[in-house]
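Visitor: I'd like to hear how the labels on a model like this one are earned. Can you walk me through a few?

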Amino acid sequence: MSVTTRYREAWEGFWREAPGEPGAVFWDAEPAVTAGIHLALFEPHLAAPGLPLVDLGCGNGTQARFLADRYPRVIGADLSAAALDHARLADPAGQASYRLFDAAEKVEAETLHAELGDANVYMRGVLHQCEPDDRQPVVDGLAMLVGDRGRAFLVELAEAAGPILRGLAQGPGGPPAKLAPVFRHGIAPGEVADAAVPEYLRAAGLAVLASGELPLVTTEFLADGTRIELPSRWVVVGRV
């Protein structure tokens, strides 16, 4: 099963329109407040730190470039060719490599695993932006990449983020400038029940090794200058 054509086209339209400068996209926060914090939670659980690391849903590659400074081989994977165009333009030295990849497509996950072997995976805010029928296949694809030795770090919006996003979208002035394109292209974050994520992981044969809560930091600010942060939950998973 692969993502729908409508969904892929929505992402293509979003990334074709997105500005190229850092921080112009709602979730494109600097690594110091995203991957940099996540690595401190992830690295103690890595069984094989030397494995390739896949930034799954890498978008414009901000986190992939950061990760490439710390791991010998990083692959930024995304289903949007336009997103990968941004990533390559921002990475002229080729710190990371980039690959068009549909994690919900079993054959693509099998092919990438055959090329890389087991991999560690970083996935930030992907499931809640997937259509419901694609969520289990995406987690299944992640499990294929992890294999027997890899570990994955996932961070996803918590249920409590839903009312906050709806409130932002329905404000008197409309959604904030960086959030508006997300809704306009029909890729508004969906709501994934907090209890659903462990079930997706269990069904894919993955065990939760660690978990917790953190704010998902965005690049947008309220009128009073407060940065918008959304409740999120993180997990480290692997086969045991």
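Guide: What follows takes some labels and sets them against their definitions. This is a predicted model, where local features need pLDDT of at least 70, side-chain atom pairs count only at pLDDT 80 or more, and totals for chains, interfaces and linings use all residues. Residues are numbered from 1 along each chain as its sequence is written, and side-chain values use heavy atoms, with hydrogens and water left out.

Visitor: Why are α1 and α4 called roughly parallel to each other?

Guide: The axes of α1 (residues 5-17) and α4 (residues 81-89) cross at roughly 30°. Angles under 35 degrees count as roughly parallel, so α1 and α4 get that label.

Visitor: What makes the contact of α1 with α4?

Guide: Contact means heavy atoms within 4.5 Å. E12, W15 and R16 of α1 make it with A81, A82, A83 and H86 of α4. The axes themselves come within 7 Å.

Visitor: How do you know that the radius of gyration agrees with a compact globule?

Guide: The rule is 2.2 Å times the number of residues to the power 0.38, with the radius taken over C-alpha atoms. For 240 residues that puts a compact globule near 18 Å, and the protein chain has 17 Å, so the two agree. The C-alpha atoms fill a box of roughly 50 × 40 × 35 Å along the principal axes.

Visitor: Which elements count as helices and strands, and how many are there?

Guide: Helices are DSSP runs of H or I with at least four residues, and strands are runs of E with at least two. The protein chain has nine helices and seven strands.

Conventions
Axes fitted to C-alpha atoms, helices over the stretch in contact; angles between N-to-C directions. Parallel < 35°, antiparallel > 145°, perpendicular 65-115°, else oblique.
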